[in-house]
Amino acid sequence: MKTKIALCLTSLILGFSYPVTAQTFNPCLTNSNASVAQCQNANLSETVAILEDGRSYEYETGQGIYRVRYNYTGKNWTHADVAPIRINTNKPIAILPMQYTSNGLQSGASVNGVSVGRVWNSITVEEMKRRLEKLGFYVLTPTISMYGESIDGFQALEHFIAGVHKGNSSVQTVVLSADANIPNAANPRPGAQMLVTGLHHRDLWWEYRIQNRLTPFYQQQHLVNIGPRVRGGQNNREGHSLAWHPMIERAAEYNPKIAIIEVAQAAEIIQRAGSIQAGRQWAAPVFDAVALGMAEQACATGGQGETSVNRPDACSTGQPF
């Protein structure tokens, strides 16, 4: 109950900058003295729209709320030349992408020759969506298959995420992955870690809030979590595995709260849980921790990312789901 109240109270302090009309009136947006009951009972009509910014874009793809318009020359893959995507909501926004394909283009980690990346990505999206919606977030779940399981599809998915970060002031994006178990130059220590931007200013408080809640799980499991780490950066050739991750960098250009969180090595998950599917229960404390860290971030920051001196205590006292 305290977490629900916390996110409702967040609506009073976040200062979202969307216009309020008769059709979208919400006391949480317009009345700083609105009661908790008013916040909980308010019915805001949430819409997603691509903003007209006076520019033309070569590409437009995706359906419904997942449409995106962008330009891409192939020469600056860490930059997102994208139209802002505005979400008309008083809620904090979370994006939970599905980045793995079913055709082998990007299948994720394998264990004993069996790819488990896409299955694990699906599990984590389902579990995180349920928790974040319960905490009061507006949740988007874009998938690579929405745009086509190809390089062009990845461009569209990555630009969509960047467009939402560009168009809104309270957005957090996380992908919870299962890591490989073979070290390489871009991933020298496979396992639990949080891959973050290497080209833009990082949000160290956001990283800390999530990592602080994850610590007890990894201590209990006797697993090493190396925490936030800038990914790659050792090669400038587009698409090279030693380069920065475009999904992170394109969104971080507009908002640094985006990360790929490796829960553990895929082999470690299977070893401890019994199967990748059973990892749903085994990693429940991870899902709880990340969701509560994201909620704490939403409670602690305003629409422009400024820390609020009126942050309610309930924000830091999350209850079990």
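This passage looks at the salt bridges of a predicted model and at the helix that holds several of their partners.

Side chains of opposite charge can pair when their charged atoms come close. In the predicted structure, the count of such salt bridges comes to 16. A good place to begin is the pair formed by R69 and E52, whose closest N and O atoms are 2.9 Å apart. R69 belongs to strand β3, which covers residues 68-71, whereas E52 sits in the loop between β1 (47-50) and β2 (59-61), so this salt bridge ties together parts that are 17 residues apart in sequence. The two partners also contrast in their surroundings. With a relative accessible area of 18%, R69 is buried because the cut-off for that label is under 20%. E52, in turn, has a relative accessible area of 64% and is exposed, since exposed means over 50%.

Helix α4 offers further examples. This helix runs over residues 117-134. Its 18 residues reach 26 Å from the first C-alpha to the last, close to the 26 Å expected at 1.5 Å a residue. Many readers will want to know which residues of α4 are tucked away from the surface: G117, W120, N121, I123, T124, V125, E127, M128, R131 and L132 are buried. Just after the helix comes G136, which takes a positive phi of about 100°.

Two of those buried residues, E127 and R131, pair with each other. Their side chains meet in a salt bridge of 2.8 Å, taken from N to O. Both lie in α4, four residues apart, which is about one turn of the helix.

Another pair in α4 has a similar layout. E133 forms a salt bridge with K129, and here the closest N and O atoms are 2.9 Å apart. These two residues are also four apart in the helix, so about one helical turn separates E133 from K129. What sets this pair apart from E127 and R131 is accessibility: E133, at 38%, counts as partly exposed, and K129, at 28%, is partly exposed as well.

Salt bridges can also share partners, and in this way E126, E127, R130, R131, R280 and D288 are joined into one network. The buried pair E127 and R131 thus reappears here among the members of that network. Taken together, the examples show a salt bridge between a strand and a loop, in R69 and E52, and salt bridges within a helix, in E127 with R131 and in E133 with K129.

Methods
Residues numbered from 1 in each chain as written. Predicted model: local features only at pLDDT ≥ 70, side-chain atom pairs only at ≥ 80, totals over all residues. Heavy atoms only, no water. Salt bridge = Lys/Arg side-chain N within 4 Å of Asp/Glu carboxyl O. Buried < 20%, exposed > 50% of the residue type's maximum accessible area, 1.4 Å probe, protein only. Expected span 1.5 Å × (residues − 1).
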